[in-house]
Amino acid sequence: MSDVSAGTGSVRVPSLFSASGDVYREVLRNSSEAIAIIDAQGVYREQNDAHRALIGYPDEELAGRTPAIHMGDETFAEVARALAWSDRYRGEVASVTRDGRRLTLELSAFTVRGTDGEPLCHVGIKRDVTERRQAERELQRRYEQLAILYRVTDAVGRAGALDEIYDEALGGLERALGARRAAILLFDEGGVMRFVAWRGISDGYRAAVDGHSPWTRDAVDPRPITIPDVALDPDLGPLRETILGEGIGAVGFFPLVTQGRLLGKFMLYHDAPHPFAPEDVQLAQTIAGQVAVAIARKRDEQVLREQLLEREREEQVQRFLARAGSLLASSLDLEATLAGVARLCTPFLADCCVVDVANEAADGLRRVAVSHADAALRPVADALRAFAPSGLLEVHHAIRAFRSGHAVLMTEVDDGYLRRATSGPEHLSVLRRLSPSSIIAVPLLARGRTLGVITLIRSSGRYGAGDLPLAEEVARRAALAVDNARLYEAATAANQAKSEFLAVMSHELRTPLNGILGYTELLLMGIPHPLPDASCTQVRRIGSSARHLLQIIEQILAFSRLEAGREEVHPEDVELGELVRETAALVQPLAQQKGLRFALALPAGPVRMRTDAGKLRQILLNLLSNAIKFTESGEVALSAEADGARVRLSVRDTGIGLTPEQRARIFEPFWQADHSSTRQAGGTGLGLSVTWQLVELLGGEVSVESAPGAGTTFTVVLPREVEFQDP
């Protein structure tokens, strides 16, 4: 037996350590972990300073006591059983400090046995994880709140009816904020706030508070109001006793606002006084905002449904319009698209649907699609294709809609009308077999023009005014599709005509130009007679101008071939340095004429490529010519290098440079930085556009770096072996 030194703060109790255990005692005393030693009977024997600070009991009060003093009998018994069974225990335990604070401790305990195998003592190491567990619980609570917010937002967004929105919102609020009771109130048409959904409140309470609101309908930016203790809030006035009588101790008012419009309020009720944390108020208001948006959207949908389809559910209307929109956007084939619209309209909008478009060649309509919901009657409906209404049938519903630009609604169709609106006995027989009882004819209007007519026919039932909005919406979307298809056809034809015109024009111009160039060469050679020097100078100018014009024509021809998709790649083996050197030799004299330095940087060794040599040469010529054209002093540089499976070509100049806006448009056809009639640099504006298209054709990419006054650098990156497929 030995006594623990008074300097350690321990009481004098029989020590379990021998004199040779001083080291272990020092470890116990100086450890930052809370450590206590329990004897074999489960009674505290020693504790260190950290343990004393943790649970707050001085040694005198622990002497002769078990850990049940702070962790309770049940928990202590559980730990004792674990030690008796396995000599070890590890887990979390609840503990109450001497001053009554509740802690969560991480306890690691083990048994120390003597040489005879009997227990000498138990060592317990405790760590306070209260704050960590509280943080984890708070984090979990926030996560659950966010999950609830997500579920509520998703649910109210997908809800098909207002009652579903109310139910999801009330349930979400109760789960997120722990409120047992909740309600939703909305302004009615008279501006009075009324209950529309509730949980856990009585009919008498609703009747007593119905119509009360802290905000008026036109309130600007209403804020949440929370009353943590109803009994202490004098502002409630006479309502306070009513609220207390319902067993409500705390209440929260949360405005339902969307697009600056107050729709109503959320109510949260707690049975006892309850503090509303700022984060809880924020969460409740977020849910309220989502619900307000959903309520407003659903109300708008209800109005639209009442206007469009009194007998059809809104979900069907939305699906139909979505399918129609998708179908109309899926193709620019006019007749195929309109045939799809006719099939889509049956049977949702009609038993039979007929689509006619304007007949440009005659006074009337051209029938492009017919569909019937009944498979047995489809052959009969198909026979209508032969009876497109002509302009002579002025009484015909489609002709009236086409000429007036307004929908024609025929709630009833009798046989007399069929006789007046048909072109002959065969046409009348077909219509009679279809038995139309009601008709809507809606014009296809786009950009102030009537492009055709959609006719909806019912064989049973009647159309009414409420059916017109949906029919007109379908016609509006179909008209846009028809207009887009026609514009596309016109644009395609115009583009084809342009390309053909450019090709023909260029070919016709190139033939006489070649003759001019040939004769200028003969004159300079002294054939048939030598010319004076002054005349030779003029002839050279003629030749230079002709070659410039021929270059422009070649660019136009290349552009027209590229635009028409007729340009082909002809790959061959190429040595990069040799091709670049040859190309540089062609333009170097032009640079020298302007007094520009010309720099050429080539790879140290051979670089083999398989590409279209002519197109690669044209790319370099276009870029070099452009650089020389827009550089008045300084240098034009051309460099080439191998980069793995690619080659990199750069053309750099010290010219005028480009603004960011000019860089964005530099590769557009016919675009030039200077569009004025007095511009110094000529050209068609096609060179860089042709270059960009040729680079793409060879499987590469081209980029430009430039700034005003700092010159321009074009970089072309090409594969060393172009991918090529036989046309």
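Student: What makes the contact between Asp643 and Arg648 a salt bridge?

Tutor: In this predicted model, the side chains of Asp643 and Arg648 approach each other with an N to O distance of 3.0 Å. A salt bridge requires a side-chain nitrogen of Lys or Arg within 4 Å of a carboxyl oxygen of Asp or Glu. The value of 3.0 Å lies within 4 Å, so the pair is called a salt bridge.

Student: Why are Asp643 and Arg648 called partly exposed?

Tutor: The relative accessibility is 32% for Asp643 and 25% for Arg648. Buried means under 20% and exposed means over 50%, with partly exposed in between. Both values fall in between, therefore each residue counts as partly exposed.

Student: How many salt bridges does the structure hold?

Tutor: The structure holds 32 salt bridges. One of them joins the side chains of Glu92 and Arg133, at 2.1 Å from N to O. Glu92 belongs to strand β3 (residues 88–96) and Arg133 to helix α6 (residues 130–158), so this pair links distant parts of the chain, 41 residues apart.

Student: Is Arg133 buried or exposed, and how do you know that?

Tutor: Arg133 has a relative accessible area of 16%. The limit for buried is under 20%, so Arg133 is buried. Its partner Glu92 has 38%, which is between 20% and 50%, and therefore Glu92 is partly exposed.

Student: What makes the contact of Arg610 with Asp573 a salt bridge?

Tutor: The closest N and O atoms of Arg610 and Asp573 are 3.2 Å apart. This is within 4 Å, so the contact qualifies as a salt bridge. Arg610 is in strand β18 (residues 608–611) and Asp573 in strand β16 (residues 572–575), so the pair ties together parts 37 residues apart in sequence.

Student: Why is Asp573 called exposed, whereas Arg610 is called partly exposed?

Tutor: Asp573 has a relative accessible area of 62%, and exposed means over 50%, so Asp573 is exposed. Arg610 has a relative accessibility of 34%, which is between the two limits, so Arg610 is partly exposed.

Student: Which residues are linked in a network of salt bridges?

Tutor: The network of salt bridges links Glu33, Glu106, Arg127 and Arg132.

Student: What makes Leu522 eligible for the nonpolar patch on the surface?

Tutor: Leu522, in helix α17 (residues 468–524), has a relative accessible area of 32%. A patch residue needs over 30% and no salt bridge, and Leu is among the nonpolar side chains, so Leu522 meets the area condition. Leu522 forms the patch with Tyr519, Met525 and Ile527, with about 440 Å² of accessible area together.

Note on methods
Residues are numbered from 1 along each chain as its sequence is written. This is a predicted model: local features need pLDDT of at least 70, side-chain atom pairs count only at pLDDT 80 or more; totals for chains, interfaces and linings use all residues. Side-chain values use heavy atoms; hydrogens and water are left out. Helices (H or I, at least four residues) and strands (E, at least two) are DSSP runs, numbered from the N terminus. Buried means under 20% relative accessible area, exposed over 50%, partly exposed in between (1.4 Å probe, protein chains only). Patches are made of residues with over 30% relative accessible area and no salt bridge: like charges are joined within 9 Å, nonpolar side chains (Val, Leu, Ile, Met, Phe, Trp, Tyr) within 5 Å. Accessible areas come from the Shrake-Rupley method with a 1.4 Å probe; for residues, only the protein chains shown count as cover.
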